[in-house]
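Morning, everyone. I have one structure to show you today, and I'll keep it brief. Let's put it on the screen.

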Amino acid sequence: QEQLVESGGGVVQPGGSLLLSCAASGFKLANYPIGWFRQAPGKGREGIAYISSIQDQTMYAESVKGRFTVSRDNAKNTAYLAMNNLEPEDTAVYYCARGTSVTLSPAAYFDWGQGTQVTVSP
């Protein structure tokens, strides 16, 4: 079964950090761009970061630039999102997905994990 599973979410205070993992099974993660997205209550799904499949090129949404870092470990078939200096506005369900192109648009991604909750609360 081809699957993406996010983990690492939780509750953290403002200014704290979390490392999210996106474990792939049934396919090689290295063959696809991997995007990270989030959706807060009452808001649409926001593309926040991606990493390309060949050169590990990355891009970030303005809302997270300088605070979040996306990476991948192909040997572990896992992608990561390191989140630093978290703010209450970062509270959302975070998703990873594999796509067909390097973009922050959710429309280019066809396989999604189930999401992991990140709550930033004082």
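I'll go through a sheet, then a disulfide, then the strand at the far end of that disulfide.

One caution before we start. This is a predicted model.

Start with the sheet. Four strands make it up, in the order S1-S3-S8-S7. The sheet is open, and the pairing is antiparallel. Which strands sit at the edges? They are S1, residues 3-7, and S7, residues 68-73. Each of those pairs on one side only. From one strand to the next, the twist averages 15°.

Now look at the pairing of S1 with S3. S3 covers residues 18-25, and 5 bridges link S1 to S3 in the antiparallel sense. Find Glu 6, please. Across from Glu 6, in S3, stands Cys 22. Keep your eye on that cysteine.

Next, the disulfide. How many are there in this model? The count comes to 1. Cys 22 is joined to Cys 96, with an S to S distance of 2.0 Å. For anyone new to this, a disulfide is a covalent bond between the sulfur atoms of two cysteines.

Is this one left-handed or right-handed? The torsion about the S-S bond of Cys 22 and Cys 96 is about 75°, so the disulfide is right-handed. What does the pair tie together? Cys 22 lies in S3, while Cys 96 lies in S9, residues 92-99, so the bond connects parts that are 74 residues apart in sequence. Are the two cysteines buried or exposed? Both Cys 22 and Cys 96 are buried.

That takes us to S9. This strand is mostly covered: of its 8 residues, 7 are buried. Let's go through its pairings.

Take S4 to begin with, residues 34-39. S4 and S9 pair antiparallel over 6 bridges. One example: Arg 38 has Tyr 94 in S9 as its bridge partner.

Then S11, residues 116-120. S9 and S11 run antiparallel, joined by 3 bridges. Here Ala 92 is partnered with Val 118 in S11.

Then S10, residues 109-112. Again there are 3 bridges to S9, and again the strands run antiparallel. On this side, Ala 97 stands opposite Trp 112 in S10.

To recap: Cys 22 stands across from Glu 6, and a disulfide joins Cys 22 to Cys 96. Cys 96 is in S9, a strand with antiparallel pairing to S4, to S11 and to S10.

That's it from me. Over to you.

Definitions and conventions
Residues are numbered from 1 along each chain as its sequence is written. This is a predicted model: local features need pLDDT of at least 70, side-chain atom pairs count only at pLDDT 80 or more; totals for chains, interfaces and linings use all residues. Side-chain values use heavy atoms; hydrogens and water are left out. Two strands pair if DSSP finds at least two bridges between them. Helices (H or I, at least four residues) and strands (E, at least two) are DSSP runs, numbered from the N terminus. Axes are lines fitted to C-alpha atoms, for helices over the stretch in contact, and angles run from 0 to 180 degrees between N-to-C directions. A disulfide is a pair of cysteine sulfur atoms within 2.5 Å. Buried means under 20% relative accessible area, exposed over 50%, partly exposed in between (1.4 Å probe, protein chains only).
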